[in-house]
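Here is a short report for a first look. Keep the sequence and the model side by side as you read.

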Amino acid sequence: RAPPRPLPAALPPAGTDGTPALPMWLRGIAAWIRARVALSRNDFAQAEAAIGAALDEVPNMPHAFIEQVALNQRAELHERRGEWRLACEALHAFRRIQIRQDATDMSARERTAALRLAWRQQNRTLDELRTASRQLERLTLEDPLTGLSNRRHLEQQLALLLTDDPAGSPAHAAPWCLVMIDIDRFKPINDRFSHVVGDAVLRQLAHLLRHELREHDVASRLAGDEFVLILKDTDEHSARQVVERLRASVARHDWHTIHADLGVSISLGLAACQPGDTLDTLLHRSDEAMYADKRARRRPGGR
């Protein structure tokens, strides 16, 4: 058998053999492979040259992998030559690099853990801000006593409906109605039974309204003992049925649970939205209808 061909100690420079230059990291790995092959052949001179070539590429390496394997090979080379002191020095150098790399990896892991912790904390903070923002928005649109929409939310909803259904809108636009509600003789209730009882009456009426209305309808407390309903997708005939159902619900409710001598009734005014209506015209018509209802029920024989 022919003796194995000696390995080159290093790759030729770019262009000398017609091949392009290899990346530095690939040149380092190639030198490590040549050293491995030379050691397997017990060609210590070739192995030493290849190990030196690998270590020459270390300053150009982005990590310590080539340096570690080359030093490990150098320790093996010295050991096989019986050069124990040099083998120990190579192993110590290898260990120093390993410790430094472990410290770098630990630092990177700590930075990664810190970044992940900061990211989770940031997400929690954002969630808390979103929750606080939603709560604040709800508070700005909700009546604190009854939990119904307040006047601001009512006006927003009416503005949207009036924008979607402007003057001159087509006849097939969805009808909707506004209902004004007033508690009859509410001031005497406060004067006779106290404001605590009056507040309980307002909260109970709000509960009845929520129970009787559909999910997409809007019930709002306008001010004091005045409430306003928006009945969406509802014509005037259907809205009158809702009005009478509400009146009956209030009449049959057991108000004695609030106070033994308490009785409550309501007056309601209905206004169907018409082309050209504005917020003021709708509120004015429903308010007039409510007071007409109140006067009619006070007359003898009234409801």
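## A pair in the sheet

In β3, E226 is the residue that A223 stands opposite. The model shown here is predicted. The strands involved are β2 and β3 (residues 226-231), joined by five bridges. They run antiparallel.

The two strands form a hairpin with two residues between them. In that hairpin, G224 takes a positive phi near 55°. How enclosed is β2 by the rest of the structure? Largely, because five of its six residues are buried.

## The whole sheet

Four strands make up an open sheet. Their order is β2-β3-β1-β4, and the pairing is antiparallel. Two of the strands sit at the edges: β2 (218-223) and β4 (266-272). Each of these pairs on one side only. On average, neighbouring strands of the sheet are turned by 20° against each other, direction ignored.

Strand β1 covers residues 177-183. Seven bridges join β1 to β4, and these strands run antiparallel. Within β1 and β4, I181 stands opposite L268. Strands of a sheet pair through backbone hydrogen bonds, either parallel or antiparallel.

## The chain as a whole

How many helices and strands does the protein chain have? There are nine helices and four strands. Read from the N terminus, the elements run α-α-α-α-α-β-α-α-β-β-α-β-α.

The protein chain has 303 residues, and 37% of them count as buried. Its exposed surface is about 18,400 Å². Carbon and sulfur atoms supply 56% of that area. Now take the contacts with a separation of 6 or more. Of these, 63% come from residues 24 or more positions apart.

## A loop residue: N42

Next, a residue in a loop. N42 lies between α1 (24-40) and α2 (44-56). Is N42 buried, exposed or partly exposed? N42 is partly exposed, because its relative accessible area is 47%, and partly exposed means between the 20% and 50% cut-offs.

The side chain of N42 is joined to that of R80 by a polar contact of 2.2 Å. L77 can be compared with N42 in sequence and in space. The two are 35 residues apart in sequence. From C-alpha to C-alpha, N42 and L77 are 9.1 Å apart.

Methods: Residues numbered from 1 in each chain as written. Predicted model: local features only at pLDDT ≥ 70, side-chain atom pairs only at ≥ 80, totals over all residues. Heavy atoms only, no water. Buried < 20%, exposed > 50% of the residue type's maximum accessible area, 1.4 Å probe, protein only. Contact = heavy atoms within 4.5 Å. Areas by Shrake-Rupley, 256 points an atom, 1.4 Å probe, with all protein chains shown as cover. Pairing = 2+ DSSP bridges. Axes fitted to C-alpha atoms, helices over the stretch in contact; angles between N-to-C directions. Polar contact = N/O pair within 3.5 Å; in protein donor to acceptor, adjacent residues only side chain to side chain.
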